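Here is a friendly tour of the model in front of you. Keep the 3D view open and follow along, topic by topic.

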Amino acid sequence: MTAVQEQAASEIGRDRRRKEDMRLITGRTRWTDNITLPGMLHLAMVRSPFAHATITSIDTSEAKDATNVVAVLTGADLGEAQGACINAWAITEDQVTPPHLPMPTDRVAFAGEIVAVVVARSAAEARDAAELVDVEYDDLPAALDLKEAAEDTVLAHPDLGTNKSAFWKFDSAEAGTGGDVDAAIEKARGDGIVIEREYRQQRLIPAFMEPRSVVVDPTGEQITVWSATQIPHILRFALAATTGVPESKIRVIAPDVGGGFGGKLQQTPEEMIAFAVGRRLGKPVKYTETRSESLLSAHHGRDQWQKLTLCAEKDGTVTGLKVDLLADLGAYVSLVGGGVPVLGAFMFNAIYKFPAYQFNCQTVLTNKTWTDAYRGAGRPEATFAIERLMDELAAELGEDPLEVRRRNWITHEEFPFTTVAGLEYDSGNYELATDRAMEMFGYDELRAEQQRRRDAGDPVQLGIGVSTFTEMCGLAPSRVLGQLNYGAGGWEHASVRMLATGKVEVVTGASAHGQGHETAFSQIVADRLGVPFEDVEVLHGDTQSSHKGLDTYGSRSLVVGGEALVRATDKVVEKAKQLAAHLLEASAEDLEFAGGRFGVKGTDAGITMPELASAMFAAHDYPEGMEPSLDAEATYDPINFNYPHGTHLCAVEVDTETGQVQLRKYACCDDIGTIINPLIVAGQVHGGLVQGIAQALWEEAVYDESGTLVSGSFTDYLLPTAADTISFDVDHTTTPSLTNTLGTKGVGEAGTIASTPAVVNAVVDAVRHLGIDDITMPCTPERVWKAIQGVAAGG
Ligand code: MCN
């Protein structure tokens with residue numbers, strides 16, 4: 001094997017620096033906002049300052065007269081051409097779904113909703129003129145508080161007669177996956193332990209680095225749409241489905257996209273308005289939101305109330321869990337937002353062997369920004385609830401929280417394991433990951449320090465938080481999505497092509513927006529074809545070159561898109577084998593493939609992949625009847641979800657006099673199966689951790705009583721920077737997944753899902769001896785201080 005071949009053969013697990021980073025960090029890239037086309041016009045949106053109001057009149061005359069303004073259009077002006085935003089996931093057949101026009105004509109349902117668009121020759125002129133549009137509103141009462149909205153006290157959409165959108169239930173006794181939870185609770189009330197708690201999942205804002213931006217060029221044969229989106233393929237479908245323009249006439253390109261975290265998984269009103277205006281005027285148009293617009297109107301995440309009842313035997317063996325959930329949809333049912341809580345439904349039992357489980361979820365409409373996926377989507381909420389409850393159970397028993405977990409979790413010998421929620425976990429080893437995390441953390445030493453501080457009455461107390469998590473990612477088997485009423489499949493597509501020069505072109509339907517697919521996918525193909533990493537080019541995010549795909553979310557790209565890639569690559573190898581047999585005048589059965597070379601067993605004769613490409617395309621020497629190409633494609637529909645897991649341990653110092661929380665130590669051991677690129681994975685885990693920790697300690701979207709978003713800038717919405725966090729101790733165990741050839745598990749959301757409960761458990765642990773068993777997120781100094789004062793005052 002040559003040095004190059006040896007290098008290529010060991011690509012999996014290699015710390016490759018990301019191919020995409022040089023162009024990203026030196027600015028030699030194309031963000032959507034950098035795109036300039038001849039004659040391009042610019043859009044500015046006029047947005048409602050009211051959470052709920054009737055539009056009585058819109059006077060656009062002054063704005064139309066402003067310098068370089070080309071048009072000012074309202075929803076009435078665009079009529080049916082503006083289409084209607086679609087909802088892909090009606091979780092019940094009778095789901096109440098308000099009609100959602102990109103620009104409503106009669107009534108606005110949240111502050112920030114668009115009522116008119118100004119088109120001008122520059123973005124600045126469009127923005128200035130937008131201030132001249134005179135909109136008269138009649139203020140209506142707004143449904144803002146989730147619990148009150150669930151009671152229909154004030155209606156978010158009076159025509160609908162209710163705020164209740166859909167009720168979704170899972171019951172293990174009905175599903176045949178477990179027992180009757182009410183009976184289990186009843187029994188525990190007599191001779192066991194019942195823990196009842198209510199937790200708030202505050203509203204969060206995805207706050208990606210690059211605000212959303214869209215360019216529409218209607219001047220060619222096709223309408224070309226560039227958008228800072230996570231979902232170019234789904235967006236093309238949605239634009240076609242809602243405007244009547246055939247898909248073949250729409251090309252969507254997601255150029256380099258500066259982050260999404262679920263927040264760009266949407267068919268946005270802004271995209272639809274740009275599409276309609278571009279078509280109406282026959283000119284290229286561009287819209288880029290300001291940061292304030294982004295915080296206000298790009299979809300938000302989380303926002304739930306969770307009522308939980310956990311029951312257990314006296315020795316801490318859990319016998320059941322009941323969940324009653326209220327989920328705030330905001331003003332409209334977004335693309336998949338209605339289904340986000342349902343994803344969580346399957347994760348409340350986490351890594352544990354509960355014999356009985358019931359999940360009841362009511363989704364509710366309010367007059368706030370619509371909600372949808374935010375990193376983890378449903379699974380962080382579920383993980384938070386169960387991991388907080390396991391700590392409460394441990395406190396009730398007076399035992400170590402890890403010991404109580406051990407007593408209840410699925411042991412590694414028990415896999416594959418069908419959970420009470422009906423999922424089949426393929427593999428895992430919770431014992432191993434926990435032991436490693438405890439070792440890194442120095443668990444026993446920190447517990448000893450905690451005791452010393454307690455005994456000494458130190459005003460700064462140490463708290464230790466535990467989170468042992470699993471999640472379901474790799475969205476998703478199409479048949480399961482079908483059962484859940486989801487209007488799309490969960491497959492992914494890839495194609496692999498050996499070029500005449502021996503280089504390789506890979507096209508994937510996954511659409512990276514910061515995850516480094518170009519690098520990791522190159523490693524996979526280089527490894528399997530035995531060609532140098534540098535010789536592989538990965539194309540994505542353009543519906544013209546990547547004609548089939550379902551994009552990036554739900555930590556699916558590697559386990560679903562990567563598997564499609566593996567299958568396409570292996571087909572190329574198979575075809576290359578036939579060619580090699582022909583050229584080596586040997587039987588295919590006598591060939592062995594290693595390091596990118598087919599060798600005839602027991603001889604020195606052989607031929608490499610680049611030599612085969614050359615023979616195929618330059619010498620035209622290939623077997624009779626063989627198609628003259630070395631390429632293949634594959635579409636892969638996963639057989640199961642994918643279940644990464646891990647143990648996260650956090651230590652915090654809480655100043656009981658000021659309520660200040662300081663991160664002291666964070667150690668985690670995740671099991672994500674085979675790792676393709678440890679550097680990328682480290683980045684994913686670090687970023688994920690910071691987002692999860694931020695939910696625990698800092699971030700919250702706050703509305704005032706009129707429905708105005710108070711945390712509408714980064715002065716008020718506390719997005720952490722590197723200076724706010726600490727250095728994390730991160731390690732991995734490797735229990736290969738059985739759901740895909742490479743044995744990989746997703747990592748994109750793991751850190752976020754696991755970390756929030758670890759941190760809140762640590763904060764509560766630091767002050768539990770003062771009589772506190774909960775602090776609502778985010779655990780700001782004010783909230784911690786008030787909790788301590790409340791207990792001290794007997795409150
Ligand atoms: N990877 C690996 N080995 C593994 C698992 C993953 O090398 N065992 C690599 C993959 O090849 C890929 C990356 O890690 O390059 C993430 O892979 P995966 O877990 O498949 O997640 P996706 O690529 O599908 O990305 C989606 C996921 C989600 S759902 C959110 S939200 C999120 C996240 O990715 N948003 C992100 N990470 C983000 N990272 C950035 N920079 N920006 C975002 O918006």
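**Loops with unusual backbone geometry**

P416 sits in the loop that runs between α14 (401–408) and β16 (417–418). This is a predicted model, and the bond leading into that proline is a good place to begin: the peptide bond from F415 to P416 is cis, with omega near -5°. The points below take in two further loops, then the domains, the ligand shell, a helix pair and two sheets.

- A second cis peptide bond to look at is the one from L475 to A476, where omega is near 0°.
- A476 belongs to the loop between β18 (460–470) and α17 (478–483).
- A377 is a residue other than glycine with a positive phi, near 35°.
- You will find A377 in the loop between β15 and α13 (379–397).

**Two domains and their contact**

- The chain is divided into domain 1 (3–28 + 491–636) and domain 2 (426–474 + 640–795).
- Between the C-alpha centres of domain 1 and domain 2 there are 39 Å.
- How many residues of each domain are in contact with the other? Domain 1 brings 22 residues, and these are in contact with 20 residues of domain 2.
- On the side of domain 1 that touches domain 2, α18 and α19 each supply at least two residues.
- The helix that gives the most to this side of domain 1 is α19, with 6 residues.
- By class, the side of domain 1 that touches domain 2 has 7 nonpolar, 8 polar and 7 charged residues.

**Around the ligand**

- The ligand is surrounded by 35 residues, and the closest are G514, A520, S557, I676 and G748.
- Three elements give two or more residues to the shell around the ligand, namely α18 (517–529), α19 (557–584) and α21 (678–697).
- Which element provides the largest share of this shell? That is α21, with 4 residues.
- Both domains take part: domain 1 and domain 2 each give at least three residues to the shell around the ligand.
- Sorted by class, the residues of the shell are 11 nonpolar, 20 polar and 4 charged.
- α19 is worth a second look, as one of the elements with two or more residues in the ligand shell and as the top contributor to the side of domain 1 that touches domain 2.

**A helix pair: α19 and α20**

- α19 packs with helix α20 (residues 609–617) at an angle of about 75°, and their axes are 10 Å apart.
- Angles of 65 to 115 degrees count as roughly perpendicular, so α19 and α20 are roughly perpendicular to each other.
- From α19, the residues A576, L579, A580 and L583 meet M609, L612, A615 and M616 of α20.
- The residues in this contact of α19 with α20 are 8 nonpolar, with no polar and no charged ones.

**The five-stranded sheet**

- An open sheet is formed by 5 strands in the order β7-β15-β14-β13-β8, and its pairing is mixed.
- Why does one side of β7 (164–171) and of β8 (193–204) lack a neighbour in the sheet? Both strands stand at the edges with a single partner strand each, so one side of each is left without a neighbour.
- Direction ignored, neighbouring strands of this sheet are turned by 10° against each other on average.
- Inside the sheet, strand β13 (residues 301–312) pairs with strand β14 (residues 318–330) in the antiparallel sense, over 9 bridges.
- To find this pairing on screen, look for Q304, whose bridge partner in β14 is A327.
- Helix α8 (residues 181–191) lies across β8, β13, β14 and β15 (357–365), and runs at about 120° to β14.

**The seven-stranded sheet**

- Another open sheet has 7 strands in the order β3-β5-β1-β12-β9-β10-β11, again with mixed pairing.
- Its edge strands, β3 (69–74) and β11 (250–253), each pair on one side only.
- From one strand to the next, the twist averages 20°.
- Strand β1 (residues 41–47) and strand β12 (residues 285–288) run parallel and are joined by 2 bridges.
- H42 has K286 as its bridge partner in β12.
- Helix α9 (residues 232–243) lies across β10 (223–227) and β11, at about 150° to β11.

Key:
Residues numbered from 1 in each chain as written. Predicted model: local features only at pLDDT ≥ 70, side-chain atom pairs only at ≥ 80, totals over all residues. Pairing = 2+ DSSP bridges. Axes fitted to C-alpha atoms, helices over the stretch in contact; angles between N-to-C directions. Contact = placed C-beta atoms within 7 Å. Near = placed C-beta within 6 Å. Nonpolar A, V, L, I, M, F, W, Y, C, P; charged D, E, K, R; others polar. Domains from an automatic or database assignment. Parallel < 35°, antiparallel > 145°, perpendicular 65-115°, else oblique.
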